[in-house]
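Biologist: I'd like a close look at one part of this protein, with whatever sits around that part. Could you walk me through the model?

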2 protein chains.
Amino acid sequence: MRASKYLVPTEKENPADAVVASHRLMIRAGLIRKSGSGFYFYLPLGLRVLKKIENIVREEMDSTGALEFQLPILTPSEFWETSGRWNVMGAEMFRVKDRHDQWYALGPTHEESFSYLVKPLLKSYKDLPINVYQIHTKFRDEIRPRFGVIRSREFIMKDAYSFHLDEASLDATYQEMRSAYRKIFQRCGLKTIPVQADSGSMGGSASEEFMVVSSIGEETLLLCGNCGYNSNSEKTPFVLDPSYSAQGPKEKKEVPTPNKKSIQEVSELLGVRPQDTIKAVAVKNEKESLIVFLRGDLELNEHKLKSYLKWTDLEMIPEPELKSKGLVPGFIGPSDVNSSFKLLLDSSIKKEEAYVVGAGKEDAHIQGYVPGSEIKMEYMVADVALAREGDPCPTCGTSLKAEKGIEVGHIFKLGDKYTKAFQIQVLDQQGKAKILTMGCYGIGVNRTMATVIEQCNDDKGIYWPISIAPFEISLVTLAKGAEQEAKVLEFYENLKNEGFEVFWDERDLGPGFKFKDSELVGFPIRITVGKKFFESGEISIYDRKHDKDESFTFSGFDDLHTRVENLRQELYQELL
Amino acid sequence: MRASKYLVPTEKENPADAVVASHRLMIRAGLIRKSGSGFYFYLPLGLRVLKKIENIVREEMDSTGALEFQLPILTPSEFWETSGRWNVMGAEMFRVKDRHDQWYALGPTHEESFSYLVKPLLKSYKDLPINVYQIHTKFRDEIRPRFGVIRSREFIMKDAYSFHLDEASLDATYQEMRSAYRKIFQRCGLKTIPVQADSGSMGGSASEEFMVVSSIGEETLLLCGNCGYNSNSEKTPFVLDPSYSAQGPKEKKEVPTPNKKSIQEVSELLGVRPQDTIKAVAVKNEKESLIVFLRGDLELNEHKLKSYLKWTDLEMIPEPELKSKGLVPGFIGPSDVNSSFKLLLDSSIKKEEAYVVGAGKEDAHIQGYVPGSEIKMEYMVADVALAREGDPCPTCGTSLKAEKGIEVGHIFKLGDKYTKAFQIQVLDQQGKAKILTMGCYGIGVNRTMATVIEQCNDDKGIYWPISIAPFEISLVTLAKGAEQEAKVLEFYENLKNEGFEVFWDERDLGPGFKFKDSELVGFPIRITVGKKFFESGEISIYDRKHDKDESFTFSGFDDLHTRVENLRQELYQELL
C-alpha cells in the first residue's frame, strides 16, 4: 500500500477528551475518529487491526469446531419476554419500535436469539454438543461511555453459545473455550489472567473473566501468588484470618456515643479496633427490605449479596425510609430490627465473640454484644463481604494481592435458564426428551484492540504485536529525481511481490515526519531506504518494539528478504 | 469440513411463506432461517456465501484504490438534520432514543456520517479524489418485506462515497465504479444491465441501477435492442411516436357522457381512441395542489413528476377534496381548473391538435378541444408520462422492450447536496476554498446472493457459481467398516491438503439422501467415492451446473487432482 493513496491522518496533539493512552493513541495514529459519545468511526488503518483480531478469533473458534453464524441485530421483544429479560435488562438495552408498533432490542447479547434459532435444529443427542457463534455488532447504552472504544455503546463482539445434554459435556466445551481464549489473546500479544467471576444477570453456575492487568482497569482482581487462585473481587469469598478474634470489652453495657455514627468515630471514641465492631447496611429490592450486619472494617459486596438472595436488582434504603420504619441510622444494632426487615449476618462475624454494635437509639452503642446469644429474630448467615488485598486466599490461605484489570473475554456456564425458557430439548440415548444445558463465551473485539495499545505503547506511540499490526512492515523512502524514485519503487515492488505486507511511505514529506508517523502508528518493522543508500548503499531495519535499529550495506534483495523475514519470525515467536 | 461436524439442516418441504425460488431454496438448503418479518438468521453454509460475495466486493473496490472504513450503525439525528433528511426519510428509517433522550437513526445509508467524518480529513486538493466505503449492516423498515432476503429490513450493503474537486473527477470515479460493479457481479455469476435511474431522495444529477433481468423483479426496465439505451421505467423519457396525431372529431362541441368517467368508457361512447382524449390526474404535496393533463392512454410517472417539481413527497387528491374545490371528478377539463391548483400539461399532448376532454361539469365532455388555444391559465409543460414497451427509444427511436429487473447495485452522482450541507471544502490549486462534489455507490450483498439463486436453480436445487459456492467441492463417500473408512478418509485428507475447498459428506446416511443434499445445497463439483470404488475402483466427478457426471477408474491422486482442477478452472473460466 502506498501512503500517498491511503489515509494517514496522524495528529500531534492529544484529544482533549481522551484520558487513557489507547484512546489518545487511536485518535492520534489515525485509527479511529469520534462520531458521538461512545460511538467511533474506524478508519482504514484501524479497521485493518480490527479485522486481524477478528480473524484470529475466527481461526481459533473454527479450530475448536465451533460454527459461525450471523444473526439479526434487531431482536424482537418476544424473544426477551420468553427469557424474562425484557424487563430485567433496563436502560442499558436500546429499544426500537417498528412501523407496526412491534418492539425490538438492539441486541446487547444473543442468548435468546440463538436459543430460538437452534431449538428446531437440534433433534437428537447425535446433534450435540454444538457450539455456535458470530462476530457482529452489539449495542449497550452505557451510562458513562469512556476510555474510547474500551467502554463504547456500539462495538463488535464474538459471542458463542454451546448446547449440551449434560454437565460433563458442557464442562468439556467450557474448558476448550478457556484454552482457545488463552490462545486468542496470546496471539494478539495480550497476557490474560482468567479469574473467577460473578455471573450477573446472565444466570448460570460458573464463569471466568479473561483479565488484562492494567492501571486503567475498572475491575479489581484478587490474585494468589502461591496456588494460582484468581478472582474478580466481585466474586472472591471473604476468608477470615484464622488469627482474628474480637478484642473489644467483654462486659455488656450501653455506652453513650453522641453524634458518633461512623465506625471510625465510634472505634476511636471507645478505643476499640474497627474489626471489634459490627456495622449495619440496609438494602432493598422491589419486594423486600434487608439489613446486613458486617464486621465494622468490611464493606458489603453487592454482587455476592444479590447472587445469594437471587435478587436481580438492589438499592440502598435511604435514611428517611429507615426512620419511618422505626430505625435510627448510625445506631442500628442487630437486636432492634423489627419484622419489616429481613436480617442477614455476614459470615465474618463470629457469633460467640463480643462486639460493639448500635444500641437502636440515638447517640448510644452497646459493647460486649455477643450476636449468637442476643439476636432474637431469625437471621440468615452468608458471605457477603468484599474481600481485600491481604485477606487470605480461599484456596490456600496465602495473602491475596490486588490488581486492576480490563475484562477482554468472559466465559459462562449458563445452566438451563434459557433452554428451559425456550424448551430446548432433544431425545437422549434412551429416547427420553431432555432439556439441554448451555454455555456462553464472549470476546470484546474493539476492547481487545484498545487493551493491546494500553500494554504496547511508549512515548513515541504504539508498538503493535506483529500479528495484528495494520501492516507488518513500513518502508520509508526518500528519493530525489526520477532515477532515485525508480530505485525506491523497485524496493517496494520487490518486497510486495515477495509477499511481505508493506506500507510504503513515499509521501513528499521530510524524513523526520515520516519516521515519527511510522513510530506513532506502530508498524513493527521499518525499512529505511534514504539518503545514505544513495550515498553509500546503506539501508536500515528498525525493530519498533525493541527499539533496535540495524544499519547495513544493501547487498541484494535476497539478503534483505532474509533479514526482514528473520526479524518477522522473531516477532511472531514472541507471541507463542 | 466434515458434514457430521457441520450443520446441514436441509428441508424437503417448501416453506409456506416463500413465494420465490431463492427464498424457498435458501430455507430448504439450510442457508438461512427466519427470525421475524424481514429478518433472517444466516446459518454457516449461508454465511460462507455471504462472506465470499463480500470478499469479491472488497477486492474489486480495493483494486480501484477505494479505502475501507467501518462506521457506527447508530447515527445521531443531528447528522440528518444537517442534511435536511431527518424529516424526509419517513417511516422507512428506524429511529431510537438513548437514555439521554438523544435520537439516532439505524443507518439506512451513510451520506451524512461519511460527510461528517471526512470533512476534517480533507484539507487540500492533494487529498482528492477520495473514495471511501464500508461493508456493513443497514436497516430499512420496509412496508412490505418480501421475497426472503431480497427485500428485508436488516441487510448488508457495500456503500461507497467519493469526493471531488470538480465534475470531471467525479465522472472519472463514477465510470471506474461502473466498471468495478460489472466485474463484481460478473465474478458472482450475475449478468447485470446498468440502466438509467431516478435519483429519488438521494438528490443528485445522474444515477444508474445495476439490474438483473428476472420475472420476480420489482422494477420495470425499458431496453433498446438497437442502440443499447437502457433505463428504469421510473426514469425513461416518453417519446411520442412521430406517426402519432389525434384523430378525434375536429368540430368543438359539448357532448353528453352520462356516467362515463373513465377514458375507456368515454372513448367507446364517442367512438374515438384513448389517445385522442386527455385525462386529468390530481396530486398534491404539503404545500401545493396540481392537476396534470396527460394523453388518455398514458399513465402518470410520479417519479418524473416529483423530480420535475422537486417535490419530496406526492399523493393523489381524494375525490371529496376535489369536489370541495369546485371540480367534478371524472369530468375535469383543462379549462375549468381554478386558481387553487397549478396546471401541468404532459409533453405527450400536441397543443395544436383536437382532443376529447372533460367539460368541467357532471356527465359531459368536450370534443374538438385544442389545448394550445383554449387553456386560459398559466401552465407548465413537462414529460411526466410513464413510457411503455413499444414506445420509441429516446436515443434512436427503435421500439423499446420491457423486462422485469432486480436491482443489485446503484451508482449516483450526488452533486453538492451533502457537501454543501456539511460545508466540505478544500483549497484548490489556486488556494481558493471550493465546495466538493460527491458520488455514492451501493451494492446489496444479501440481495446479490438471493438474485444469484434466482438465476441459478433447477428442480434439484441451487447450482452455485463456483466463485461464491459455500464450498467448491463436495466429497460424498460411502464406506462400511474400518478399512473402507480409512480409505475414504485418505481421499478427504489428500484433497484438503492439496488445497481444495472440500465439504466431506461422511454422514451415516444413504447415498440417495446425500446426493439430494449436495444437489439442493448446490456444490459445483461433487466427487463420489462409494460402493463402485470398493468393487471396481470407479469414482465419479459431477458438474452440478451442467449436470454432467463423469465416471472413471481411480488411478492415483495426481490424476484426480488434475481432473478436479481442470473442471474447477473451466467453471471459473465461465465467470470471466
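Which residue follows helix 6 of chain B, and what is the sign of its phi?

Modeller: Bear in mind that this is a predicted model. The residue you're after is G271(B), which comes after helix 6 of chain B and has a positive phi, near 70°. The helix itself covers residues 263-270, and its buried residues are I263(B), V266(B) and S267(B). Looking down the axis of helix 6 of chain B, you'd find its buried residues within an arc of 100°, so they line one face of the helix. That fits a general rule: an α-helix has 3.6 residues a turn, so residues three or four places apart point the same way. As for what lies over that face, the cover for the buried residues includes strand 14 (278-284), strand 18 (355-358) and strand 19 (364-369), which belong to chain B as well.

Stepping back to the whole chain, you can lay chain B on chain A by a turn of 180° with a shift of 0.0 Å along the axis, and the RMSD is 0.1 Å. The two copies are thus related as by a two-fold rotation axis. If you want to find that axis on your screen, go to V96(B): among the residues of chain B, its C-alpha comes closest, at 2.6 Å. The contact between the copies follows the same pattern: 100% of the interface residues of chain B are also interface residues in chain A, so the copies meet through the same surface.

How values were computed
Residues numbered from 1 in each chain as written. Chains lettered and ligands numbered in written order. Predicted model: local features only at pLDDT ≥ 70, side-chain atom pairs only at ≥ 80, totals over all residues. Heavy atoms only, no water. Least-squares fit on C-alpha atoms with pLDDT ≥ 70 in both. Contact = heavy atoms within 4.5 Å. Buried < 20%, exposed > 50% of the residue type's maximum accessible area, 1.4 Å probe, protein only. Helix = DSSP H or I, 4+ residues; strand = E, 2+ residues; numbered from the N terminus. Arc of directions from axis to C-beta.
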